[in-house]
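Visitor: Before I rely on the labels in a structural description, I would like to hear how each one is justified. Could you show me the model and take me through it, label by label?

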Amino acid sequence: MSGLSILWQQAKRRARGHLNRAGRDERGFTAIEFGMVALPFLMLLFGNIAVGLYFFTTFTLENAVEDAARLIRTGQAQESGMTAEQFKQKVCENAPRYVDCNGKMRINVQTYTGFGSIATPSCIDNGGELIKPESQTYNSGGAGDVVLVTVCYEWELTGKIPFLHLGTMDNGSSLIVASTTFRTEPYAD
């Protein structure tokens, strides 16, 4: 055998030895496994947080509407001469602090003669946007009237959540609608 072939044989043995040792080495597998699991895990985690925040916003907004509507139901709003802006402020007092009451919330208070004549107001205009503030109505009615209180809120966070498309509006935001219907109590007009 020539010196070159001996060197070649030694190089092959060394290479096989390195490959065998590398095949038994498990130091990098944890990083590889984490890389495979991290993205689905983070997607699931942030998805749960986003859906939880969406339901939290919806439920707290519904409770805020119920609490504020009680002022109309009992006649306190009518007797004190409460304006639409003051009523909106009462809703906002009980809403979560991150809710943009001034820019993204619209309130409609409508009075009807009976429950059968109720027509739900639209929260979105023909362009798929939230109705303009001047399109809001506020008529709290009198004693014994049927009143529909509707609060429309454009929640922009849904358009910013990756991989989840909870938005129902054209701009990717989600429209949250909270409403209540009741007959006002027979207070003294």
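**Labels and their grounds**

Guide: Tyr-54, Phe-55, Phe-59 and Trp-155 form one aromatic cluster. The model is predicted, so local features need pLDDT of at least 70 and side-chain atom pairs count only at pLDDT 80 or more, while totals for chains, interfaces and linings use all residues. Residues are numbered from 1 along each chain as its sequence is written, and side-chain values use heavy atoms, with hydrogens and water left out.

Visitor: Why are Tyr-54 and Trp-155 called a tilted pair?

Guide: The structure holds four aromatic pairs, and in one of them Tyr-54 and Trp-155 are 5.6 Å apart from centre to centre, with 45° between the planes. Rings of Phe, Tyr and Trp (its six-membered ring) pair if their centres lie within 6.5 Å, with planes under 30 degrees apart counted as stacked, over 60 as edge-to-face and the rest as tilted; the values for Tyr-54 and Trp-155 therefore give a tilted pair. Along the chain these partners are 101 residues apart, Tyr-54 lying in helix α2 (residues 29-73) and Trp-155 in strand β2. Helices (H or I, at least four residues) and strands (E, at least two) are DSSP runs, numbered from the N terminus.

Visitor: What makes Tyr-54 buried, exposed or partly exposed, and how is Trp-155 classed?

Guide: Buried means under 20% relative accessible area, exposed over 50% and partly exposed in between (1.4 Å probe, protein chains only). Tyr-54, at 21%, therefore counts as partly exposed, whereas Trp-155, at 3%, is buried.

Visitor: What makes Phe-87 and Tyr-138 an aromatic pair, and where do the two lie?

Guide: The centres of Phe-87 and Tyr-138 are 5.9 Å apart and the planes meet at 45°, so the pair is likewise tilted. Phe-87 belongs to helix α4 (residues 84-94) and Tyr-138 to the loop between β1 and β2, 51 residues apart. Phe-87 is buried, with a relative accessible area of 0%, while Tyr-138 is partly exposed at 24%.

Visitor: How do you know on which side of α4 the buried residues lie?

Guide: Phe-87, Lys-88, Val-91 and Cys-92 are buried in α4. They cover an arc of only 145° around the axis (taken from the directions from the helix axis to the C-beta atoms), which means that they lie on the same side of α4. The elements that cover them include α2, α5 (101-104), β1 and β2.

Visitor: Why is strand β2 described as largely enclosed?

Guide: For β2 (residues 146-155), 10 of the 10 residues are buried, so the strand is largely enclosed by the rest of the structure. Val-146, Leu-148, Thr-150, Cys-152 and Glu-154 point one way, and Val-147, Val-149, Val-151, Tyr-153 and Trp-155 point the other way, all of them buried. In β1, seven of the eight residues are buried.

Visitor: How do you know which strands pair with β2?

Guide: Two strands pair if DSSP finds at least two bridges between them. Eight bridges join β1 (residues 105-112) to β2, and the two run antiparallel; 10 bridges join β2 to β3 (residues 174-183), again antiparallel. With these counts set against the cut-off, β2 therefore pairs with β1 and with β3. On the β1 side, Gln-110 has Leu-148 as its bridge partner and Asn-108 stands opposite Thr-150, while on the β3 side Val-151 stands opposite Ala-178.

Visitor: What does Thr-150 contact, and is it buried or exposed?

Guide: Thr-150 is buried, with a relative accessible area of 1%. Contact means heavy atoms within 4.5 Å, and, leaving aside neighbours within four places in sequence, Thr-150 is in contact with Arg-106, Ile-107, Asn-108, Pro-121, Cys-123, Val-177, Ala-178 and Ser-179.

Visitor: Why is Arg-73 said to lie over the face of Phe-182?

Guide: A charge sits over a ring if NZ of Lys or CZ of Arg is within 6 Å of the ring centre and within 35 degrees of the ring normal. Arg-73 lies over the face of Phe-182, at 4.6 Å from the ring centre, so the distance meets the cut-off.

Visitor: What is the overall pattern of the chain?

Guide: The chain has five helices and three strands, in the order α-α-α-α-α-β-β-β. Buried residues make up 34% of its 189 residues.
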